[in-house]
Amino acid sequence: MPVVFRFFSAFPLWLLHVMGAAMGWVAFCASPAYRRRFLANSALAGYSFGAVRAAVAHAGRMVAELPRLWLGAPLPCAMSNEACVEQAYAAGRGIVFLTPHQGCFELSAQVAARHWSAARGPITVLYRPARQPWLATVMATARNRPGMLAVPTTLSGVRQMIKALRRGEAVGLLPDQVPPDGQGVWSPFFGRDAYTMTLAVRLAQQTGAAVVLARCERLPWGCGFVTHFETLPAPLDERLEAAVLQINQAMEHLIRQCPEQYLWGYARYKQPRAEAAAGGAA
């Protein structure tokens, strides 16, 4: 499989996206469970299938572009409103970057690292190691690159994120990812309670770091990407559950800016799995 990944990493982005779009529709048509979840989640947010049908192809594009993203030449990506990131760094308190499962979400961290790590230090991102040894090796190689440090979802990983923020550096999280049991609270997301991580809030509250929202939009015909940055409309509430709700509302806001690139098939409302707690470290 690593050889296959390396092979596809040399493909042009437009071709990967064409292949990915076909893959997305095959998965949608072949899996009743995935299709039902996609339709239910998008309907809950108020979208008809016609309004978000493009998300079927974009889900496939996300998978197809991974070999290029992880092992190929850097992908072209412009930035929008990077001034808010500069202002957050200038405050010297560190940054918690938050992005939903939308567009090429992994690229947003790479782009920020390319632009700011030389002057501001690396960006530390949290990830769950793959169970397959070959994939775990590929992911570790791809995510630990100049300007980026990937840490596992363990107590040690959380401690590294806290230390990075206290040094005035940045960390990256996907707050719409369902955490293990004991590491979240139930909070409304598009009108339905979803088990939501508390780690993002705790990191910001404990270290005083700024929260910056990011979404990486995929451009048509393999022309690249644009990463959009913005700040929270209001400071995080001191109460944990109220602050978690703020984060969920911020993710909804980003998703509604480009709903056709959100992963509506993601099992956002599933029950959390049992696992040793790591989020409490913050």
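The exercises below, each with a worked solution, concern a predicted model.

**Exercise 1. Helix H2**

Determine what span helix H2 (residues 13-30) should have, and which of its residues are buried.

Solution. Begin with the length: H2 holds 18 residues, and at 1.5 Å a residue these should span 26 Å. The C-alpha atoms at the two ends of H2 are 25 Å apart, which agrees with the expected value. Next, list the buried residues of H2, namely Leu13, Leu16, His17, Gly20, Ala21, Gly24 and Phe28. These buried residues cover an arc of only 140° around the axis, so they lie on the same side of H2. A general property of helices is useful here. An α-helix has 3.6 residues a turn, so residues three or four places apart point the same way. Finally, turn to the other side of H2, where Val26, Cys29 and Ala30 are exposed.

**Exercise 2. Two cysteines and the disulfide count**

State how many disulfides the structure holds, and decide whether Cys29 and Cys258 are buried or exposed.

Solution. The count of disulfides is zero. For Cys258, the closest cysteine sulfur belongs to Cys216 and is 10 Å away, too far for a bond. A disulfide would need the two sulfur atoms within 2.5 Å. As to surroundings, Cys258 has 1% relative accessibility and therefore counts as buried. Cys29 has 54% relative accessibility and therefore counts as exposed.

**Exercise 3. A pocket and a cavity**

Describe the volume and lining of the second largest pocket, then do likewise for the largest cavity.

Solution. Take the pocket first. The second largest pocket contains about 220 Å³ of space. Its lining is made of 15 residues, and those nearest the centre are Arg93, Ala210, Val211, Thr231 and Leu232. Two elements, helix H7 (83-90) and strand E8 (210-218), give two or more residues each to this lining. H7 gives the most, with three residues. By class, the lining of the second largest pocket has 12 nonpolar residues, two polar and one charged.

Now take the cavity. There is one cavity of 30 Å³ or more, and the largest cavity holds about 60 Å³ of space. Its lining consists of Asn41, Phe189, Phe190, Tyr262, Leu263, Trp264, Tyr266, Arg268 and Tyr269. Seven residues of this lining are nonpolar, one is polar and one is charged.

**Exercise 4. Helices H10 and H11**

Find which helix contains Leu165, and identify the buried residues of helix H11 (residues 199-207).

Solution. Leu165 belongs to helix H10 (residues 155-166). With 1% relative accessibility, Leu165 counts as buried. Leu165 is 70 residues from Ile95 in sequence, yet their C-alpha atoms are 6.8 Å apart in space. In H11, the buried residues are Leu199, Ala200, Val201, Leu203, Ala204 and Thr207. After H11 comes Gly208, with a positive phi near 75°.

**Exercise 5. Positive phi outside glycine**

Locate Asn81 and Trp221, and give the phi of each.

Solution. Asn81 sits in the loop between strand E1 (77-80) and H7. Its phi is near 60°, a positive value in a residue other than glycine. A relative accessible area of 41% makes Asn81 partly exposed. Trp221 sits in the loop between E8 and strand E9 (225-231). The phi of Trp221 is also positive, near 55°, again in a residue other than glycine. At 75% relative accessibility, Trp221 counts as exposed, because the cut-off for that class is over 50%.

Notes
Residues are numbered from 1 along each chain as its sequence is written. This is a predicted model: local features need pLDDT of at least 70, side-chain atom pairs count only at pLDDT 80 or more; totals for chains, interfaces and linings use all residues. Side-chain values use heavy atoms; hydrogens and water are left out. Helices (H or I, at least four residues) and strands (E, at least two) are DSSP runs, numbered from the N terminus. The expected span of a helix is 1.5 Å times one less than its number of residues. Buried means under 20% relative accessible area, exposed over 50%, partly exposed in between (1.4 Å probe, protein chains only). The arc is that of the directions from the helix axis to the C-beta atoms. On a 1 Å grid over the protein atoms alone, a cavity is a set of points where a 1.4 Å probe fits but cannot get out, and a pocket is an open set with protein on both sides within 12 Å along at least five of seven lines; lining residues have an atom within 4 Å of a point. Grid points are joined across faces, edges and corners, and a volume is the space filled by probe spheres set on the points. Ala, Val, Leu, Ile, Met, Phe, Trp, Tyr, Cys and Pro count as nonpolar, Asp, Glu, Lys and Arg as charged, and the others, Gly among them, as polar.
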